[in-house]
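Student: I'd like to go through this model with you and check each term against its definition. Shall we start once it is on the screen?

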Amino acid sequence: MTHPDGNATIPADPDSPGIGAGGLVLDEPLLWERGRYGRSAVDLPPSGVPHRPLTGPRAGDGPDWPDLSELEVVRHYTRLSTWNFGVDTGMYPLGSCTMKYNPKINETVAALAGFAAAHPLLPDDACQGALAVIYETEKLLAAVSGLAAVSLQPAAGAHGELCGMLMIATYHRHHNTGKTVVLIPDTAHGTNPATAAMCGFTEVKVPVGPDGRMEPETVRRLLDDSVAGIMVTNPNTLGIFESHLPEISRMIHDAGGLVYADGANLNAVMGRVDMGKMGVDVLHFNLHKSMSTPHGGGGPGSGPVAVAESLVPYLPGPRIVHEDGRYRRVDGSALSIGRLHPFYGQFGIFLRAFAYLLSVGNRLRDVSGLAVLNANYLRARLREAYDLPFDTDCMHEVVFTDAKQRGSKVTTLDIAKRLIDLGYHPPTIYFPLVVGGALMIEPTETECKEELDGFVEAMLAIAREAESDPDSLHRAPVLTKVGRLDETLAARKPKLTGD
């Protein structure tokens with residue numbers, strides 16, 4: 001099929017599902033270009049205050065607001081919304097991100113007036129319901145993790161990492177161990193090294209084994225009296241389960257260290273794996289991933305931390321306690337790392353996660369099972385067309401590479417750009433860094449087989465195009481409002497103003 005500009009093509013395969021291969025592409029001018037003097041979207045009553053013009057050296061003539069009708073305003077923002085892609089629009093297979101559908105019942109609960117209108121400075125007696133939600137959500141997350149206690153205070157996943165590693169650092173200072181080194185596998189989540197450095201630790205990399213997992217012998221060779229702990233992501237960023245973690249945890253504990261687990265990939269194991277029994281001392285959650293709260297858009301986020309009994313005294317305050325049928329806030333212990341967030345945290349996100357956990361209940365095991373099933377289905381369907389660097393069953397995500405397409409000078413970026421023409425958001429690309437040309441795909445449990453089959457057919461069509469007409473892929477996307485951008489120029493000479 002030829003694009004209307006006549007200089008690029010998209011796959012002509014009639015079996016390609018391409019949900020975005022046609023339809024309206026709406027242009028939209030600036031509001032100032034659309035507005036006309038005298039139009040109004042509101043009908044204000046007469047003012048009881050005398051008219052006074054703006055005065056003073058900075059007043060000028062006032063802002064030049066465009067004059068618009070209500071219909072023009074509605075159409076403007078509705079058209080702008082069609083330029084966006086989200087999980088309510090279609091499949092969002094970003095690896096490591098768990099872009100699952102957010103049930104609307106969660107939004108209804110978060111919007112209940114008694115919660116939405118509650119002020120954080122209310123006394124405890126006037127917000128018992130809100131305190132109960134915090135307390136009960138902590139209990140549910142503790143049960144999911146298999147750990148002793150939880151704090152909801154951290155405001156995002158990276159903030160949860162920081163909280164966890166601050167507790168580990170404080171623990172070692174309190175016990176005067178003098179330990180300064182943290183081991184970090186090269187398959188750990190990307191923010192882990194920076195978090196360790198921010199907490200004053202020196203990072204030592206643990207190389208991945210031939211099957212994509214940490215090997216106990218490798219860790220043993222790196223252990224000495226300086227090791228304060230290890231930061232591990234399980235499943236790791238290759239989508240592979242770290243089956244040696246219990247043994248590695250014992251080694252770390254025997255050396256006087258602690259085990260931090262990044263919960264970014266918890267969607268693969270919740271309801272099935274007890275992190276406490278695997279030797280984990282602190283785990284952070286991403287409520288916007290596993291617990292189905294809003295993801296992206298600048299926040300708010302939430303990154304609760306769960307800890308083993310030895311780290312409970314170091315949790316940030318305030319804490320919620322339940323005594324004599326009443327919930328109340330109390331300060332953290334004398335060993336607490338202190339407050340990490342104004343008031344308690346992102347309460348609206350807690351509400352959504354609480355609603356999700358209650359609605360799923362004891363079927364949480366099914367959530368992770370379906371997430372793993374969907375990822376392995378994609379792995380099986382695409383393994384002949386795309387290179388699979390680690391040929392082992394995956395967990396919630398699968399990592400391919402562009403190795404089979406490089407002979408045609410087609411890269412991971414070309415594949416990702418063409419997916420946009422076919423109506424699918426691209427997966428995570430070029431991460432993890434231990435795999436060259438990575439395509440990191442995570443379908444989550446909320447996608448049905450028909451949607452997965454559509455994505456597979458789009459990927460297979462791109463693989464065929466890479467063989468038959470590779471040059472066309474270098475021009476993708478061609479059906480978007482803006483075509484292939486010069487990303488190098490954008491990085492080196494960003495345009496940071498609207499001029």
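Student: What makes E2 and E3 a pair, and in which sense do they run?

Tutor: One thing first: this is a predicted model. Two strands pair if DSSP finds at least two bridges between them. E2 and E3 have five bridges, in the parallel sense, so they count as a pair. One of the contacts to look at is Val182, whose bridge partner in E3 is Glu203.

Student: How does the chain get from E2 to E3, and what is the hand of that crossover?

Tutor: The path leaves E2, passes through helix H7 (residues 192–198) and arrives at E3, a β-α-β crossover that is right-handed. With the strands pointing away from you, a path that runs clockwise from the first strand over the helix to the second is called right-handed.

Student: What makes E2 and E4 a pair?

Tutor: Apply the same test. Three bridges join strand E2 (residues 181–185) to strand E4 (residues 227–233), and the test asks for at least two, so E2 and E4 pair as well. These two strands run parallel. Here Val182 stands opposite Gly229 in E4.

Student: Which strands are the edge strands of the open sheet of seven strands, and why?

Tutor: The order is E1-E7-E6-E5-E4-E2-E3, with mixed pairing. Strand E1 (149–151) and strand E3 (202–206) are the edge strands, as each pairs on one side only. Between neighbouring strands of this sheet, direction ignored, the turn is 20 degrees on average.

Student: How do you know that H5 packs on the sheet?

Tutor: Contact here means heavy atoms within 4.5 Å. H5 touches E1, strand E6 (282–284) and strand E7 (305–307), and its direction makes about 125 degrees with that of E1.

Student: Which strands does helix H6 lie across, and at about what angle does it run to E5?

Tutor: Helix H6 (residues 157–174) lies across E2, E4, strand E5 (258–262), E6 and E7. The angle to E5 is about 180 degrees. Angles run from 0 to 180 degrees between N-to-C directions, so this value means that H6 and E5 point in opposite directions.

Student: In the loop between H6 and E2, what is notable about the phi of Asn176?

Tutor: Asn176 is in that loop, and its phi is near 55 degrees, a positive value in a residue other than glycine.

Student: Why are E8 and E9 called a pair, and what lies between them?

Tutor: Strand E8 (residues 319–323) and strand E9 (residues 326–330) are joined by five bridges and run antiparallel, so the requirement of at least two is met. Val321 stands opposite Arg328 in E9. The two strands form a hairpin with two residues between them, and Asp324 in the turn has a positive phi of about 55 degrees.

Student: How do you know that E11 and E12 pair?

Tutor: Two bridges join E11 to strand E12 (residues 438–441), and at least two are needed, so the pair qualifies. The strands run antiparallel, and Thr428 stands opposite Met440 in E12. They belong to an open sheet of three strands in the order E10-E12-E11, with strand E10 (398–401) and strand E11 (428–429) as the edges.

Student: What kind of peptide bond joins Phe431 and Pro432, and where is Pro432?

Tutor: That bond is cis, with omega about 5 degrees; Pro432 sits in the loop between E11 and E12. Another cis bond joins Asn234 and Pro235, with omega about 0 degrees. Pro235 lies in the loop between E4 and helix H9 (245–254).

Student: What makes a space a cavity rather than a pocket, and how many cavities of 30 Å³ or more does the search find?

Tutor: In a cavity a 1.4 Å probe fits but cannot get out, while a pocket is open. The search finds one cavity of 30 Å³ or more. About 70 Å³ of space lies in the largest cavity. Its lining has eight nonpolar, one polar and one charged residues, among them Leu238, Arg379 and Thr392. Arg counts as charged and Thr as polar, so Arg379 and Thr392 fill those two classes.

Student: And what is the volume of the second largest pocket, and which helix gives the most to its lining?

Tutor: Its volume is about 350 Å³. Of the 19 lining residues, those closest to the centre are His119, Pro120, Arg329, Phe343 and Tyr344. Helix H5 (residues 128–145) gives the most, with three residues. By class, the lining holds 15 nonpolar, two polar and two charged residues.

Conventions
Residues are numbered from 1 along each chain as its sequence is written. This is a predicted model: local features need pLDDT of at least 70, side-chain atom pairs count only at pLDDT 80 or more; totals for chains, interfaces and linings use all residues. Side-chain values use heavy atoms; hydrogens and water are left out. On a 1 Å grid over the protein atoms alone, a cavity is a set of points where a 1.4 Å probe fits but cannot get out, and a pocket is an open set with protein on both sides within 12 Å along at least five of seven lines; lining residues have an atom within 4 Å of a point. Grid points are joined across faces, edges and corners, and a volume is the space filled by probe spheres set on the points. Helices (H or I, at least four residues) and strands (E, at least two) are DSSP runs, numbered from the N terminus.
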